Amino acid sequence: MVVPRDATLPFDYTRVFQQAVREGQSVIIEEEQVESPHAKDAVPGKEKEKLRQVKVRPRPEKGKSPWSWLKNKIFCREGRQICSEHVQHQTQPISEVRNRYMVSSNGMNSLDGYSEFRPVIGDGECFYRSFIFSYLEQVVDRPDTDEERRFLDVVETASARHADLRWNSKFPRSSRAFKKLLEKVKRWKNTESSSSCRKEELLKFFSTYDKTQDIFAFLRLLVAIQICSHSAEYVPHIPDVASGVYSLKVWCFLYVTPARVESEGLMMRALASALDVTLIVETFQGGYARDIYTSPGVPRPAVTLLYNGNHYDIIYPRAPPSESSSHQAS
């Protein structure tokens, strides 16, 4: 493919590779000028220059050549598999996780309590896509609309906090899109007679970026609002903010709100806390906080995800022996 001379920020693969070999470390040149719709005009002038970043990653893992490492990063191959559907329509037996991610038998021990998993596409939005789909998949089977009304209240609270923060962002548009999705869920529950039909509608909604990009934008902004509205809770866990490298707002516009920026534990906890949804994340290795957030009070649907070190999929707890349930769309 020929790159025009005036193309913005052309990526010189040869130069980066040679530099990686010469310096013994892997360097990704990513001029991240976060002039995204969420950040425009929201960052003080003195801090806008901090939005241009050159990320220096640790040296490649032992046994991997710099070129192999660089290819994995460029093409997003490592730890992911291509999924033709944004959310795979058919769930798979949990045993298939071992083949999909080449996991040892010991690594599967943490998944003994699960029966199925649903792969999602790996595009940087896999956490937000997995989280909200998993939750709504359970909501569409509830006979009441308590959760839809509760989520609408969350949107109103977030809107008031967004106004207090005085951000010029796409929150109004993205929050409207989220409210419309909740109204769709309520309508599906009224018009679709079977669980499989309701879930088919949900899968259809999550099949294109045209419908979901505003949903992910809303969830990312919700995370940023939650973090900035509870700064005393989150700042101690953000070294660059605690040390004064960035203000909390700038950090959020760099690492939370831009599309396709991958999520870490702090963002996951902020989202689950903002929505008051229990979140459990299983891994193949120990040492990772399994219970990200536990909702107090009345029992609600919980989100259970699988993290393979670079990607999130949906997993389903085993049903009690007396229950026979299927998560597969017919």
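Which residue forms a salt bridge with Glu125, and how far apart are the closest N and O atoms? The views below start from that pair and move on to others in this predicted model.

**View 1. Arg220 and Glu125 form a salt bridge.** Here the partner of Glu125 is Arg220, and their closest N and O atoms lie 3.1 Å apart. The pair links distant parts of the chain, with the two positions 95 residues apart in numbering. Arg220 belongs to helix H8, which covers residues 209-229. Glu125 sits in the loop between strand S4 (114-118) and helix H4 (126-139). Both Arg220 and Glu125 are buried.

**View 2. Arg149 and Asp146 meet within one helix.** Take a look at helix H5, residues 146-165, which holds both partners. Their side chains form a salt bridge with an N to O distance of 2.6 Å. Three residues separate Arg149 from Asp146, about one turn of the helix. Are these side chains buried, exposed or partly exposed? Arg149 has a relative accessible area of 43%, so it counts as partly exposed. Asp146 is partly exposed as well, because its relative accessible area is 37%.

**View 3. Asp214 and Arg173 form a salt bridge between two helices.** The closest N and O atoms of Asp214 and Arg173 are 3.1 Å apart. This pair also links distant parts of the chain: Asp214 lies in helix H8 and Arg173 in helix H6 (residues 171-191), 41 residues apart. Asp214 has a relative accessible area of 18%, and because the cut-off for buried is under 20%, this residue counts as buried. Arg173, at 41% relative accessibility, is partly exposed.

**View 4. Four residues share a network of salt bridges.** If you would like to find them in the structure, the members are Glu147, Arg150, Asp276 and Arg300. Across the model, the count of salt bridges comes to 18.

**View 5. The whole chain puts the close-ups in context.** The protein chain has 330 residues, and 47% of them are buried. Twelve helices and eight strands are found along the chain. Among contacts with a separation of 6 or more, 69% are between residues 24 or more positions apart. As for the outside, the accessible surface comes to about 17,100 Å², and carbon and sulfur atoms account for 50% of this area.

Definitions and conventions. Residues numbered from 1 in each chain as written. Predicted model: local features only at pLDDT ≥ 70, side-chain atom pairs only at ≥ 80, totals over all residues. Heavy atoms only, no water. Helix = DSSP H or I, 4+ residues; strand = E, 2+ residues; numbered from the N terminus. Buried < 20%, exposed > 50% of the residue type's maximum accessible area, 1.4 Å probe, protein only. Contact = heavy atoms within 4.5 Å. Areas by Shrake-Rupley, 256 points an atom, 1.4 Å probe, with all protein chains shown as cover.
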